[in-house]
Amino acid sequence: MAANGELGGGPPLEDRLRNLILSHSEGPSATKPPLQGPVSQSSASPGPETPPSLSSPSSRGGLASRASRKRPNQAQRRQMSAQLSIPIDTRPQNQLPQRPYGGRGHGRDGYHRGQEPRSATFRPPSLGNEMPNAPLTAMPFPCRPRHQPSHSYQGPMAARKSQLGLPQPPMHRGDPILPYQMPGMSSVPPRPSDSRSQIRQGQGAPDINTRGRQFNGPGEEVLMAQAELLESLCRTIVADAEIETSEIMEKEGFRLKIEAVAQFVITEHERTQNDFLDFPPESVQLKCFGSLASGFATKASDMDLGLLSPLSRIQPDAPGSPIPRLVEKAFLEIGLGARLLTQTRVPIIKVCEKPPEELRLALLAERAKWERGANEDHDEDEASGAQDSHAAGGSQPAESQAQGDGLTGEQRLQGFKQNGSSGLSAYNSYHGSAKRLLRKLGGRDMTHSNAGDFSAEDVKLLNQVCLAFVEGLADSNLRDRLLRYRSLNRYDLSSPKNCRTLLGVLTQVEGEHMALLWESRPFRERDESRNAAAEAAVRLWRALQDSPDYGRDPLVYQKELQLAVERMKRISSIQVLLLAQAQGESAANYCSRAVRLLQDLGGNDSRARADTLLPTTIEHYVGGIYNPTIRQQVKDFQQAHGISNLRAIGRAHKSLQLAVEYEACLAKGLYHEQDAARVRQYIDFLRAPAAQTSPGGHLSGVIPLPPGSASLLANIRQLGDPSRAAPNQPRDRYSSALEFPKSGVGVQCDINFSAHLAVQNTLLLRCYSHCDPRVRPLVLFVKHWAKVRRINTPYRGTLGSYGYSLMMLHYLVNIAQPFVCPNLQQLARPPDPALAPQQAEETLLCKGRNIQFWRDEAEIVRLARDNALTQNRESVGELLRGFFEYYAKGGPPMATLPCRSFDWGRDVISLRTHGGLLSKQAKGWTGAKTVVESSSSAAAPPPPQNSTSLLLPNRESSHDPGSTPPTSSAAAAAAAPSQQQAKAQQNKNVEVKEVRYRYLFAIEDPFELDHNVARTVTHAGIVNIRDEFRRAWRIIRNAGRQAGPGSAAAAAGDGSGDGRTGGGVGGGARGGQGQHDGWKQEDLLEDVGRAEEAREMEVFDRLLEELHGVRFHGTGVTEGVGGDDGE
């Protein structure tokens, strides 16, 4: 009782409890080794003053006194909780640095922990295990242990240790990675039944930070179904994508052939032009890099080669080097297809083994054009201007006076005029001409990346071009209105304190054009609220142009103008008055857009309605048709029959455009003779006058087929939509008439003249592929997935296959727990001070970059076969599941790993660093920037001296892989410019161009640390990529939600089912046909191209049905259905 303070002879109860707590924290028991599990009372005998309520369980059970059953006070309960509820964690705890952003980490299977994922080789910075961020200047890698176990691994593994210090489990059979093991690789044990498997089953596990919470994540059955889906898909993809040995040998034979040609040409050039008489031919090498050399190649992989000639007096990638052009000419003369690309970051020659004769002649003509000194550069603005110049009369901007030779800058500005066309597309073309004029005058438009470099002279010139742009407008009313605004006052713009941007002035021209249309509109909006909102938008626009602060920050003012213009573009009445068919837009889409606008304004497609809305819409619809010939024919059709029905006019437009598209295909010879005869017959039907009338008694635009023509229409249907054929597609800025076909030309390759770092990157990836047999199928699967989903084209704004390989390696090295691959750059051996300079260049430094990593392939392969490099026993399906979850969630915690997912907006993938992540803020990659880069262009054309060929063998034997190039030094000397000429042209041929660096998605190159591998990803590209990751994760997440076997096969899209869609898919299926119990599943690997073709076929079927009043059912046709004109 005294212990409970019920007697008054001792110290106060509060003092006794305080002493009791201090004795438990500082007494002898505190010095004992901690025990695993909750502390029992037998481990520390209570002292004489220990309250009975804090004694051992046995003693508590034997006491029957009233005091032992009394409810403890707050201090006693706190002490009991401290002793009985906290399991002691015997694992070493590391103090981890705080992230500059984001929240707490997320523990395994939903438990919060105060740590983030770390690299397999993480060590505190105090141990000197830091990777340098700058080029290597000394020995940055002190002697240290080669590797450390992952801190994430917690399973009980007691066995021998490998040479890297990793504890090795005993070998057993039955591991899920066995299908991907290397030849001779020992079998590995199954994953231990540790707390992780219990957590996955929803049983929960106590932890020092969980406080007894239970895991509510996916159960074991769901996880197994998801892994089964991915495992089966991966096996299929790897089996189909495996490159054949014969294909590799064919590519290698072609490489040896063109390497011999390159050695001969460069050797002759160095000996005859540079007096390097003992130049060794073997120093010229064509080294293979990329997927074919890294181990991640598929059947469709092209061969990437790097031309290395370290002993050349002028390096092949140096500005003005003649070597690229010499090699190109040599390839052309032996009958290969060769084309030098000079607009790329470094010179590249595209080569094909067996070019078609038409292509070969075109390549020779292009080469001859360059030798004559013709300008080979094509201005992209000119190309886009030519495409966008749909003026109502099909005219082009007139700038002949502005670009005449011998004119001064002032004369060019005065002569800069627009022709008589108007409209938004004409203004865009006119803006392209103004940009070219600005560049010719030595100026540039202001952007966020170059605003800080603008001088007073730059501002003055830019303002002058902006004013000339407005004064040269063909619409005098528009020009006078603009010049009355304060923001375009000539006096104010003569001062460098007030600056405008050319893009901002273009926006102002477009907006004022819309404001003028608003003033002259013949009808109002649908209701008073919409009309009031539209009037408010126009008032805001007018006030903005007279803003007194327009010159304080021209870029902010430009953004305000753009936002105001976007508001006016959403006004329905203005959209009708601006109605125009875009280049490449189908007639069906154009007509649907016009009908929607008519309905948005409250109109009705009926001649019975006596208002101006329908006639005005029809007038602007006809006037906006892109093709001037079709435009006139539709206009004649309308006037001849007095048609006042928009859908009927739309049908006439669709039929005439379809006939023009078929004629274009016939002109290019796209059809066989039998099909061509059917197409000609069908064109006659399309151009026949419409005879079918609607119930209202007027022409509906439907063209009825003659009796017995159902088979003809069925054949036309099978030929497909002619609008998708190449002759009817807009010019692709990324394609060229000299582009090589994808097949039928033998071996193709790209020869890069600055591939030193690329070769090292390839070797690093090859070493990673040796680390574990699961790496290669994982990378191949992700590359195939990105390809079929159309998100692997850098020049179209997405990410290349190299970037996806780095994404997968980042996950395997830093996120998967335990890690699958060690960090090879962190395991680099200390440099040998006795290395020769050539060896140091190959293993330590390359182009000033630190290229050290563990590159002993033989040792990596041997240790991988002994299962000495990883303790991870997850299947390929489980790793793929984690990969897609990691990149799909966008920052929130993951369900089955103690980390958060990848934050696309903040994180930078850095394979070389601890943890694998850097922040964009730390890298300085926080916003897009435009930089001026100098790239080497081709050397100047040689003077016309002799037409003797570089190589003398006749072209009939040029395809023989065993043919040997001749040794004709005189021919090589005749074709190459002299050394003095090359040096004189070196500076002249440095091409300066603006390059856009984007950091919407950031992947640091393993060696070139200032290079963002994902810099090509645009805003549309990052949206597409992230959407595809979310789509993939949605499919994977739903894979195990159906009961019964076969759910994984259904999720993979096995083609069964009736097409019903389950709501769990989230947004419906995009062509996947898998179905189970009414649940329609999407196909994870659905080919976007094939799905688009299927949708285009459906659209084409609907077009034919509308034009001819029929219905398709399977392969049959039902005639006489009739058309709907909207009445």
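**Exercise 1. Overall composition**

Determine how many helices and strands the protein contains, and describe its burial and contacts.

*Solution.* Step 1: the protein has 37 helices and 18 strands; the model is a predicted one. Step 2: of its 1127 residues, 50% count as buried. Step 3: the accessible surface amounts to about 52,000 Å², and carbon and sulfur atoms hold 51% of that area. Step 4: consider contacts between residues at least 6 apart in sequence; 70% of these join residues at least 24 apart.

**Exercise 2. The pairing of strand E10**

Identify the strands with which E10 pairs and the sense of each pairing.

*Solution.* Step 1: strand E10 spans residues 907–910. With strand E11 (residues 917–919), E10 pairs in the antiparallel sense over 3 bridges. Step 2: strand E14 (residues 1003–1004) runs parallel to E10, and 2 bridges join them. Step 3: isoleucine 909 takes part in each pairing, with leucine 917 as its bridge partner in E11 and isoleucine 1003 as its bridge partner in E14. Step 4: the hairpin of E10 and E11 has 6 residues between the strands, and glycine 915 in this hairpin adopts a positive phi near 80°.

Then establish whether the faces of E10 are covered or uncovered.

*Solution.* Step 1: side chains in a regular strand alternate between the two faces of the sheet. Step 2: in E10, Asp907 and Ile909 lie on one side, while Val908 and Ser910 lie on the other. Step 3: these four residues are all buried, so both faces of E10 are covered.

**Exercise 3. The hairpin of E5 and E6**

Describe how strand E5 is connected to, and paired with, strand E6.

*Solution.* Step 1: E5 covers residues 337–341 and E6 covers residues 348–352. Step 2: the two strands run antiparallel and are joined by 5 bridges. Step 3: one of the bridge pairs consists of leucine 341 and isoleucine 348 of E6. Step 4: the connection is a hairpin of 6 residues.

**Exercise 4. Salt bridges in different surroundings**

The structure holds 42 salt bridges. Classify the partners of the pairs 328/325, 552/549 and 566/569 as buried, partly exposed or exposed.

*Solution.* Step 1: glutamate 328 and arginine 325 form a salt bridge with an N to O distance of 2.9 Å. Both residues belong to helix H8 (residues 323–333) and stand 3 residues apart, about one turn of the helix. The cut-off for burial is under 20% relative accessible area; glutamate 328, at 5%, is therefore buried, and arginine 325, at 6%, is buried as well.

Step 2: arginine 552 and aspartate 549 meet at 3.3 Å, N to O. Arginine 552 has a relative accessible area of 69% and is therefore exposed, whereas aspartate 549, at 39%, is partly exposed.

Step 3: in the pair of glutamate 566 and lysine 569, the closest N and O atoms are 4.0 Å apart. These two residues lie in helix H18 (residues 554–569), 3 residues apart, about one turn of the helix. Both count as partly exposed: glutamate 566 at 40% and lysine 569 at 31%.

Step 4: elsewhere, salt bridges with shared partners join Arg789, Glu1028, Arg1031, Arg1034, Glu1082 and Glu1086 into one network.

**Exercise 5. Nonpolar cores**

Locate the largest nonpolar core and state which elements give two or more residues to it.

*Solution.* Step 1: nonpolar side chains tend to be buried together in soluble globular proteins. Step 2: the largest nonpolar core here has 80 residues, and those with the most contacts inside it are Phe781, Trp785, Tyr804, Met807, Leu880, Phe1001 and Phe1029. Step 3: the elements giving two or more residues include helix H5 (220–241), helix H27 (775–788), helix H28 (801–815) and helix H35 (1019–1038). Step 4: beyond residues up to four places away in sequence, phenylalanine 1029 touches Trp785, Tyr804, Met807, Phe883, Phe884, Tyr887, Ala888 and Trp904. Step 5: a second, separate core has 46 residues, among them Met514, Ala534, Met568 and Ile574.

**Exercise 6. Backbone exceptions**

Describe the peptide bond between glutamine 817 and proline 818, and the phi values of lysine 847 and asparagine 867.

*Solution.* Step 1: most residues other than glycine have a negative phi, and most peptide bonds are trans. Step 2: the bond joining glutamine 817 and proline 818 is cis, with omega about -5°; proline 818 lies in the loop between H28 and helix H29 (837–843). Step 3: lysine 847 has a positive phi near 55° and lies in the loop between strand E8 (845–846) and strand E9 (849–850). Lysine 847 is partly exposed at 47% relative accessibility. Step 4: asparagine 867 has a positive phi of about 55° and lies in the loop between H30 and H31. Asparagine 867 is buried, with a relative accessible area of 4%.

Definitions and conventions
Residues numbered from 1 in each chain as written. Heavy atoms only, no water. Buried < 20%, exposed > 50% of the residue type's maximum accessible area, 1.4 Å probe, protein only. Contact = heavy atoms within 4.5 Å. Areas by Shrake-Rupley, 256 points an atom, 1.4 Å probe, with all protein chains shown as cover. Pairing = 2+ DSSP bridges. Salt bridge = Lys/Arg side-chain N within 4 Å of Asp/Glu carboxyl O. Core = buried A, V, L, I, M, F, W, Y, C linked by side-chain atoms within 4.5 Å.
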